[in-house]
Amino acid sequence: NVEAGQVVKITCKTSSSVPASIVTWHTRAHLLGDPSVKHSPGLYGGTITESKVKVRPEAEDNGLVVVCEAENGLGVTVSTNITLNVLHGPVWLFTPSGMLNVLEGGDLTITAEAMANPGPVTYTWQRGTVTLVGKEEEAGSGQLRLRRVGRHMAGTYTVTASSSRGSVNASFIVDVQYGAENITAPKRVLVDQNDTATVLCSASGNPTPNVTWSRDSDDTSVVLSWGVGEAYLQVEWSTPSDTGIYYCRASNLVSSPPSVATAIVVTQAPTSASSLLEEEEVAGRSWAVVGGNGLLDCRVKASPRPTFEWIAEDGPITDNNRKYDIHVPQLMDSVAEWSSVLEIRSVTAGDFTSYTCVATNPLGSYTLNYTLSPPTHPGTPLSLNVTAVSDTTVEVRWSDFTVGPRPAGYTIRYRTTTGQRHYELVDIPGTNITSLVIEELKPGAEYSFSIQSYNEQGRVYHTSPPVVVIMSEAEDDVVVVEERPKGISFIVFLLIAVTGGVLIVLNIIGVLCFLRRRSYFQEFAASSCKSSAYEVPSPSQVDNLSLSSSDDIPPPDYEVTPPLLVHQQVMGSCRVGSFGGGSLQDLSLPSGSRGTPSLARSSPVVTSSSTISN
């Protein structure tokens, strides 16, 4: 037994030999050098050799075998082995790495293993100064199992291995990772024209998330700025075109939550909410029935908030009478689009006229004209497109009307351009439908399509010119559908088909009965023939027969036919043979006939043998 790290002197002494022995030291891995050698006289004039070597064993040398070998050149080698039992405290075989990553909510198992001589080794786990309960495995290792890891479980951990000769410890960090969260950015930022808008967006997470700014809600637009943990968006020399929604997005390896929107509003004078309208043009038309209420919606872009004034043909409209109601202006898009609604109560014919909306803020004003009209036909659908999906199917698509009341539905008409005089009509009720699939068309035919809209006031003309589509030819492998003759109702056609099927079944039953009856009579005739043996008299005997009946009526003349062979029987049929000279003849059945066996059958015999050769 030796202590780890202690210098040990090992001695090896030989017997007397002539000439003197040479002693070497080695382990399995390498030779041991610098031994000290001493010679002394031995028996019979020989020499005794004594060799000493120094070693400093460590914990990993426990169980090391040191070999001492001696030889004197006469071809004989003798040796002896010395096994080192190195006593030492715990030494780590495996410890956790410096940092262990785990997703929040997941499980983590941490393993540590140490050796000691003598054992056993026990393990203690700590998070900071808090002692945790671990588990010792049968293999001698220790394990710490963390279930449903939370952020509070992150930090520095220590494991200590102990034995009777001391202890050793190791530290590591548990890093609990979670997705980006707490994305913070202002909802609305106001900036004057030609100034710079600076907006900060920050987010937290582990790992620290990347933060980006973009103009669109999806992730396909150009990144305006980015950072780690936070990002600044700067809009320099701001103009009204910079007004809009900007999106801050934060993401890391764990997750990418939805973006956060920030509205940047640049101060501006009121303008039309529609870029297609010029000032004082007719911005919109509204329809109302007499006795009902009419609504005119005036929309502008402006910042700061504008005030609205409505003017009728007879002068400004005030909000303190029963005829008109000016609704409180509303911000429609959370950015800069404002709406003012003028409600006209109990509409009369005189209310069908023009109205003016004036929007004003400190930077300017803007005028929009509106018209209130009685109900009319709906507008005509636009952009009618027809696409052939297959040789018998097309898809019809259209867009909404330009101006006019909302339709109550649509009607599509179509026909072949040759040979068909009447249109096929398809009614499509509803206002939110803009496509339809039409099936069961003729392959290879040319069709024309048009569409009209309608409401309670009537219908508009069908779109013109119609859209022409040529269907593709049917392929050879197309399943052919047999059409029933025209003019015959479906019920009559079904009754005819059922009647025909019943007749076919009855015919089959009749044929089966006939075949079965015929088989029965054949079997009966064969059995009668097999069970009867006739003894036929010779012609001489026939001449001596006297025939009489009970009432003495002479029998009719008859002709004697050649007699049958006696005792001739054949399986499956009744055979009759003739004879000559009035004597009975014995005929034997042919070989292989049923009833009289011929030569016996024999199966081939196969023999086999096996030979084993060395």
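These are my notebook entries on the disulfides of this predicted model.

**Ground rules.** I worked on a predicted model, where local features need pLDDT of at least 70, side-chain atom pairs count only at pLDDT 80 or more, and totals for chains, interfaces and linings use all residues. Residues are numbered from 1 along each chain as its sequence is written, and side-chain values use heavy atoms, with hydrogens and water left out.

**Entry 1, the count.** I looked for disulfides, meaning pairs of cysteine sulfur atoms within 2.5 Å, and the count came to three.

**Entry 2, Cys12 and Cys68.** I found these two joined with an S to S distance of 1.9 Å. The link is left-handed, with -90 degrees about the S-S bond. Cys12 sits in strand E2 (residues 8–13) and Cys68 in strand E7 (residues 65–71), so the pair ties together parts 56 residues apart in sequence. Strands here are DSSP runs of at least two residues (E), numbered from the N terminus. Cys12 is buried at 9% relative accessible area, and Cys68 is buried at 1%; buried means under 20%, exposed over 50%, partly exposed in between (1.4 Å probe, protein chains only).

**Entry 3, Cys201 and Cys248.** I noted sulfur atoms 1.7 Å apart in this disulfide. Cys201 belongs to strand E19 (residues 197–206) and Cys248 to strand E23 (residues 244–251), so parts 47 residues apart in sequence are tied together. Both cysteines are buried.

**Entry 4, Cys298 and Cys357.** Here I read 2.1 Å between the sulfur atoms. The pair links strand E27 (residues 294–303) to strand E33 (residues 354–361), 59 residues apart. The S-S torsion is about -80 degrees, so this disulfide is left-handed.

**Entry 5, Cys513.** I also checked Cys513, which counts as partly exposed at 48% relative accessibility.

How values were computed:
Helix = DSSP H or I, 4+ residues; strand = E, 2+ residues; numbered from the N terminus.
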